[in-house]
Amino acid sequence: QVQLVESGGGLVQPGGSLRLSCAASGRIFNINVMGWYRQAPGKQRELVAVIRSGASTNYADSVKGRFTISRDTGKNTVHLEMNSLKPEDTAVYYCNANINTTPWAMYDYWGQGTQVTVSS
């Protein structure tokens, strides 16, 4: 099986920065996509950013220019650098990965979530 372990959440003041990391481990043949989603209280989970195996990225409009997603392929790790944080960025952030465990078996995996709170 595959596990995703997140780290880096916490409390930060508006305008501040945080860096989230997510490490994938286990039976991994190939990682196709890694990304971050978030869910605020009373709202649906939404895409924040994704990065594909070819290094192409997509961002939610609300975070463009403020957040940067990157991937350390050798360590099966994805990072989310969050700058100029706003109170509306407050949410539980979840790591997601689309992984081939064998050449013919592909699954989606989720991390346990990490809380990000932006407040003065």
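The disulfide between C22 and C95 is left-handed, because the torsion about its S-S bond is about -85°. C22 sits in strand β3 and C95 in strand β9, so the bond ties together parts that are 73 residues apart in sequence. The model is predicted. Beyond the disulfide, this briefing covers a sheet, a core and two individual residues.

**Disulfide**
- The count comes to one disulfide.
- The S to S distance between C22 and C95 is 2.1 Å.
- A disulfide is a covalent bond between the sulfur atoms of two cysteines.
- Are the two cysteines buried or exposed? Both C22 and C95 are buried.
- M34 is in contact with C22 and with C95.

**Four-stranded sheet**
- Four strands make an open sheet, ordered β1-β3-β8-β7, with antiparallel pairing.
- β1 and β7 are the edge strands, and each pairs on one side only.
- On average, neighbouring strands of this sheet are turned by 15° against each other, direction ignored.
- Strands of a sheet pair through backbone hydrogen bonds, either parallel or antiparallel.
- β1 and β3 are joined by six bridges in the antiparallel sense. L4 has A24 as its bridge partner in β3.
- Strand β3 (residues 18–26) also pairs with strand β8 (residues 77–82), again antiparallel and over six bridges. Here R19 has E81 as its bridge partner in β8.

**Strand β1 and Q3**
- In a regular strand the side chains alternate between the two faces of the sheet.
- Which side chains of β1 are buried? V2, L4 and E6 point to one face and are buried. Q3, V5 and S7 point to the other face and are not buried.
- Q3 belongs to strand β1 (residues 2–7).
- Q3 has a relative accessible area of 39%, so it counts as partly exposed. That value falls between the 20% limit for buried and the 50% limit for exposed.
- Apart from residues up to four places away in sequence, Q3 touches A23, A24, S25 and G26.
- Q3 and G111 are 108 residues apart in sequence, yet their C-alpha atoms are 7.3 Å apart in space.

**Nonpolar core**
- The largest nonpolar core has 30 residues. M34, W36, L80, M82 and Y93 touch the most other members.
- Elements giving two or more residues to this core include β1, β3, β4 (30–39) and β5 (46–52). β7, β8, β9 (91–102) and β11 (114–118) also do so.
- Which element gives the largest share of this core? β9 does, with five residues.
- Outside its neighbours within four places in sequence, M34 has contacts that include A24, V50, I51, I69 and V78. R71, N76, T77, N96 and A97 are also among the contacts of M34.

**R66 in its loop**
- R66 is located in the loop between β6 (57–59) and β7 (67–72).
- Why is R66 classed as buried? R66 has a relative accessible area of 10%, and buried means under 20%.
- The side chain of R66 makes a polar contact with the side chain of D89, at 2.8 Å.
- With neighbours within four places in sequence left aside, R66 contacts E81, M82, N83, S84, L85, K86 and D89.
- Two of these contacts appear above: E81 is the bridge partner of R19, and M82 is among the core residues that touch the most other members.

Note on methods. Residues are numbered from 1 along each chain as its sequence is written. This is a predicted model: local features need pLDDT of at least 70, side-chain atom pairs count only at pLDDT 80 or more; totals for chains, interfaces and linings use all residues. Side-chain values use heavy atoms; hydrogens and water are left out. Buried means under 20% relative accessible area, exposed over 50%, partly exposed in between (1.4 Å probe, protein chains only). Contact means heavy atoms within 4.5 Å. A polar contact is a pair of N or O atoms within 3.5 Å; within protein, one must be able to donate a hydrogen and the other to accept it, and residues adjacent in sequence count only if both atoms are side-chain atoms. Two strands pair if DSSP finds at least two bridges between them. Axes are lines fitted to C-alpha atoms, for helices over the stretch in contact, and angles run from 0 to 180 degrees between N-to-C directions. A nonpolar core is a set of buried Ala, Val, Leu, Ile, Met, Phe, Trp, Tyr and Cys residues joined through side-chain atoms within 4.5 Å. A disulfide is a pair of cysteine sulfur atoms within 2.5 Å.
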